[in-house]
Structure formats: structure tokens, C-alpha cells
Amino acid sequence: MPNHSIDILQYILVRRAHGPSWSSDASQLAFVADTSGLDQAWLLDMQIREQRQFTHFSERVGLVAWSPCDQQLIVTVDVGGNEHDQLSLVQFPSGEVRALTSLPGVIHHFGAWSPDGQSICYSSNQRHQAFFDVWIMDITTGETRCVLEQDASLMPVAWSPDGNMLLVTRLNTELDQDLLLVPLNGAPPRLLTFHEGEATYEYPTFAPDSQSLYVLTNYQREFMAPVRLDLSSATLPQTHTPLTLLADTAWDAEAGIAMSPDGKMLAWAINENGCSRLVFYDTESTQELPAPALPPGVVEGLQWSPQTDEVAFSFNSTRFNGNIWTASPAQAQQATGVPMEIEQSSLVEPELIHYPTFDGRQIPAYFYRPQQTNRANASGQLPVIIFVHGGPESQFRPLYAAPWMPPLQYYLHRGFAVLAPNVRGSRGYGKTYVHLDDVERRPDSVADLKAAVAWLVEHGKADPKRIGIMGRSYGGYMVLAAITSYPDLWAAAVDMVGIANFVSFLEKTGPWRRAWREAEYGSLAHHRNILEQISPIHAVDRITAPLMVLHGANDSRVPINEAEHIVAALRARHVPVHYLRFEDEGHFMLRHTTQTTAYPAIGDWFEQYMP
Ligand SMILES: CSCC[C@H](NC=O)C(=O)N[C@@H](CC(C)C)C(=O)N[C@@H](Cc1ccccc1)C(=O)O
């Protein structure tokens, strides 16, 4: 028998670095890493290639952003995982910290530094809990001024190189956005992206002359593609800013659109079936350049060096824990050495499969077969855990250590196979696919889970009596929907931070999030009947699968009463239920101490009911 308490430490000790930010002279690369057990700011000295922890907060750091001129950085920190980020300024090299905001009830989203390093822009919901306005702060005097106030979710994303304008994203829903150009001389903001239907605009970046910008968008397209928006031509009211497509894409472009300081090169990535391919692009010849190949994995946060011809990004794959890498058109290399203590060869690479579902569609999924098959039955069939991602507008991707994800490799090590489907409604497969589960069509995505079981059994991959299901957040809802809709399929289930009742969830989730979620799930005003019909809390009588429930008390996305209600309902009906409540955690359950408790307990639960 393996000793699980030792094993889990190895799996949790697969640390992750993300969010690279260059100092202006490119001598230092800042990033966020959880090497110490909690995300903190770290620095990599690019000359001597040594990394060191730079901040030592007792709470989690969200992001780091170097000033474009000076030896100082912005960091964001929340409390107990509540996602109410506050902004602080940290001096280099002393590490001295000055709080720039201290409003614990208010959420701050850092936007950008001004090009002269004197000011920052950010948005906050200080005026009204549900709305984010755009602010500028002089970091020397601490003086603030609101530069854009709307009853909307506004996020500043870039400061023009000439210092005169901000670029602001307005989040209409999770899948629809606008870009606004905000002159800092008090003139009215200009809507750049008048559009009908849905469009998102991600990672907008100004060209050096402030006359055009580059952005990834799915405006009038199925997939995200890199485009240039020409700001110099006058735009008629109710028209979209003229746009040039840089490269046609059959998959989503992602991870940023990083620009070299002279504006001659761009870099982005393409998400091909969940794996990132790096792209370099020459803006003069308008041609793609050769790019180094990466192992199958995920690229995030592309940042061009202010001094050299290389980009920094975080890279995370099945066999490489999250680290910061750098790449030029000639080569890619790992830059940080955030440790991974597991032998690479013991990590299982998944197989990409597609299975048919009720309406003839093919559902993409990753199947992981454990190296040790000692838990197979006499027919060679394995116990299988189906892992359902959240969102639902998220995507399961083959990475090792997303910090919020249960460590699938650990369950493989304990002898379970894992199937991770991207059921209808997932991101990454185009605009049409992502809407196939909207509002009244939600049960169709649950039927895709039934089809997953059929595929596993038909292909001899699973012992039909030992199929379990686990998911987080919206994926936790999918678990509850699966065990109420198809109770006979499941031997055991695990719901982490899931929704049990869409009505109480929408009433109690942070008011800033309600409108985004209503676009996906249906609204309290217009779809109450549907919301009630699809809510597992009203079908608890159908549950027979033993259920484990885990939740963080400070979760501002899915309030903890969702867990408390389902647990109480099952206890009243004597269905086996095991509840773990974490007091100093929010939605993401990021503390290593939490993870070393939660993840072995999940393994034990599946082992108990799927022996
Ligand atoms: C990136 S996809 C959807 C994000 C969505 N945003 C706003 O509400 C979200 O947070 N969805 C939640 C459920 C919702 C609050 C009811 C969710 O399912 N979260 C998942 C996926 C996720 C992973 C990482 C960052 C954001 C979302 C989860 O926490 O595992």
C-alpha cells in the first residue's frame, strides 16, 4: 500500500509561478509563486539567474507589475481568499511596502502604470458594490481622481505611450465586451467597438505611436484572432473602428498580444485543442516568423522584454510545473526554477479523445490511464473519476498544476483513471459551442456527462460500478446535476465550491458578478422557473451517490450557503455525506495547508466507495 500522506506532499509541492513582469532595464523579472505555501512576489535576477522571494505578506499576492521607469512595483493582496484586492507599492531592492488602498470591503483591479511612472490606473467598486469605475492615482502624493464612471464593470487595460489616453474594457458579460478610449483631458470617452452580437477584446496593446492598437478579438468571427485597430481615422457614430486581421485562425488566439518596444514584432499563442502554440509575427512584412515548439501545455501572460528580443510567459504542462519561460523566434527556455519534486516520468500524459453524444456531436475530452493498473477488476476495467471543469465558459487543459485544481496526477497515482471532458458550453471551441448550454439548454451539457460514461463503458475503460464524478464551482453544480439527473451512473461524487440552487446563488453572489452570471444561467427576473427546474437542491430525493462537499467560508463567487444547504438536505435523508468547511479560504482554496487536508480526503472518499 502506498503511503498517501507522504505522496500528497510531493504532489502539493509541485509549485507554480505565473504573471511575469519585467523591470524597465530588463535586469529583473518579477513573478508570483507559491513556493513558500502561499502566492508571493518573487524576483529573478536575469544576470546571475538567481531567484528570491521579494514579499512576505501573510496573505496571498495576486499580481506584480514593475514601474516602467523606477525601482518599484505594484502588488495586489486580498484577505483569506476573498478576492477583495488592495493595492500596495513595494520598493526595490529594500522590499519596503506602502499600502496605496486600504478599503477592505472594496475590490480593486490594477490596470497599468503611466508611461512616466508617476501614476497608476485601476478600477474599484467603491461607489457601488455592483459597478467598477476607473481611477487614476498619483503614487507620490496618493491623490486620486475618477476618470470614468458608468453603471458597468470597467477595467482599465492600457495607458497610451503618449500618456494622454487610457484604454478601458467594459465587461458586458463573460462573453461580450467593449473597448473605450478615455482621453485624460476630460473629453468624453470614445467607444471603439460598436458591435451587434457578441464580441470579446482581450489584451489590447497600443502601438508605440499611440495611433493604433493590437488586440485579440472574435468580433464577427467564431474564434479569437489578432487584429489591428486604426485609431487615427475618424469613426462614424455606431460603427466599429476600422480593423485589419493579422492572421486567420481556426482556433482561439490567447495569452496576450505582446509587442516589441520598437513595434516591429508581436507574439501571441494559439489554443489548439487545449494546448498552446507560440506565434511570432513581423509587423512590417505582415508575416508569421518561425517560433520554437513547446511541449504540450499552456502559455499565459506574454510580456515582451523592454530591452531584448524575447518574451516572458508562464508555461504549465502535464510534465512541467508552472514556471516562467522566455522565448525568441529562435528558442524557448525555462527561466525560473520553481521546484517540482515529482519524477517527470511518473506523471501521466493524457490522450485526447472525442466521444459521441445524444445529438450526434463529438465531445472533446482528455483521458488519463494510471501507470499502475492494480485496481483494475478481473476484466481489466478501472475505477474512473470524471472531472468536470467550471465556468462553464472555461476549458479543461492538460496542465499539471493549476493552483485551484485538484491534483489529478495524485488520483492517478492512487490507481484511478481520469476523464476530463469539455462538454458543450466550454470555451476554446468557438462561439457556437460555448452557447450550446445556455439557460434552458443546460440539461444538454449534463447529458454530455451521461454520454461520457457510455463511452468509458463501451470502450472497456471503466468498471461501470466504479465511476465517480468530481468538479469545482460551476463544475460542482455539474456534479450535483449529474447525480440528480442520472443517479444510477455514479458510485461516488465530490462537489467543491459548487452551486446547489441557482436562485439563492444569484441572490447571494457578489452583486458585481450577478449580471455576468445571469447572461449564462438565466435571470432571476425572467427565468426563475428554469432556474428552479435545473437546481439540484429541488431534486435531492433522487441522490443515491455518497457525496463529499468542500467549501471555503470566504467564497465571494459561490457563497458557502450553497454547500450548507445540500449537506443539510442529504443528512436529513441519511445519504452518506462528508463535509469539509475551510474558514480561511475563498473560492480557490489556495493554501497548501488546506490542500494537504482536502485532496487526500477526496482520494479516501473515492477509494471507500469505489474500492
Ligand atoms: C473563466 S470561466 C468563468 C469565470 C466565471 N466568472 C465570473 O463569474 C466564474 O468564476 N465561474 C465560476 C462559477 C461561478 C462563480 C458560479 C467557476 O465555475 N469557476 C471555475 C473556473 C475558473 C477557474 C479559474 C478562474 C476563474 C474561473 C473554478 O473556480 O474552478
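A residue counts as buried when its relative accessible area is under 20%, as exposed when that value is over 50%, and as partly exposed in between. With that scale in mind, this briefing on a predicted model looks at the surroundings of its ligand and at some of its 30 salt bridges.

**Around the ligand**

- Of the 19 residues around the ligand, those that come nearest are Gly-391, Arg-472, Ser-473, Arg-513 and Arg-557.
- The shell is made up of eight nonpolar, five polar and six charged residues, and helix 7, which spans residues 511–521, gives the most to it, with four residues.
- Polar side-chain atoms reach the ligand in several places: Arg-557 lies 2.6 Å from a ligand oxygen, Ser-473 is 2.8 Å from a ligand oxygen, and Glu-174 lies 3.0 Å from a ligand nitrogen.
- Taken alone, the ligand exposes 610 Å², of which the protein buries 87%.

**Salt bridges between distant parts of the chain**

- Glu-300 and Arg-16 meet in a salt bridge with an N to O distance of 3.6 Å, and this pair links strand 25 to the loop between helix 1 and strand 1, 284 residues apart.
- Glu-300 has a relative accessibility of 37%, which lies between the two cut-offs, so it counts as partly exposed, whereas Arg-16, at 10%, counts as buried.
- Arg-591 and Glu-59, which are both buried, meet at 3.1 Å; each lies in a loop, so the pair ties together parts that are 532 residues apart in sequence.
- Arg-414 and Asp-604 meet at 2.6 Å, and here Arg-414 is buried at 4%, while Asp-604 is partly exposed at 42%.

**A shared network**

- Salt bridges that share partners join Glu-174, Glu-202, Glu-393, Arg-427 and Arg-517 into one network.

Note on methods
Residues are numbered from 1 along each chain as its sequence is written. This is a predicted model: local features need pLDDT of at least 70, side-chain atom pairs count only at pLDDT 80 or more; totals for chains, interfaces and linings use all residues. Side-chain values use heavy atoms; hydrogens and water are left out. A residue is near a molecule or strand if one of its heavy atoms lies within 4 Å of it. A polar contact is a pair of N or O atoms within 3.5 Å; within protein, one must be able to donate a hydrogen and the other to accept it, and residues adjacent in sequence count only if both atoms are side-chain atoms. Accessible areas come from the Shrake-Rupley method with a 1.4 Å probe; for residues, only the protein chains shown count as cover. Helices (H or I, at least four residues) and strands (E, at least two) are DSSP runs, numbered from the N terminus. Ala, Val, Leu, Ile, Met, Phe, Trp, Tyr, Cys and Pro count as nonpolar, Asp, Glu, Lys and Arg as charged, and the others, Gly among them, as polar. A salt bridge is a side-chain nitrogen of Lys or Arg within 4 Å of a carboxyl oxygen of Asp or Glu. Buried means under 20% relative accessible area, exposed over 50%, partly exposed in between (1.4 Å probe, protein chains only).
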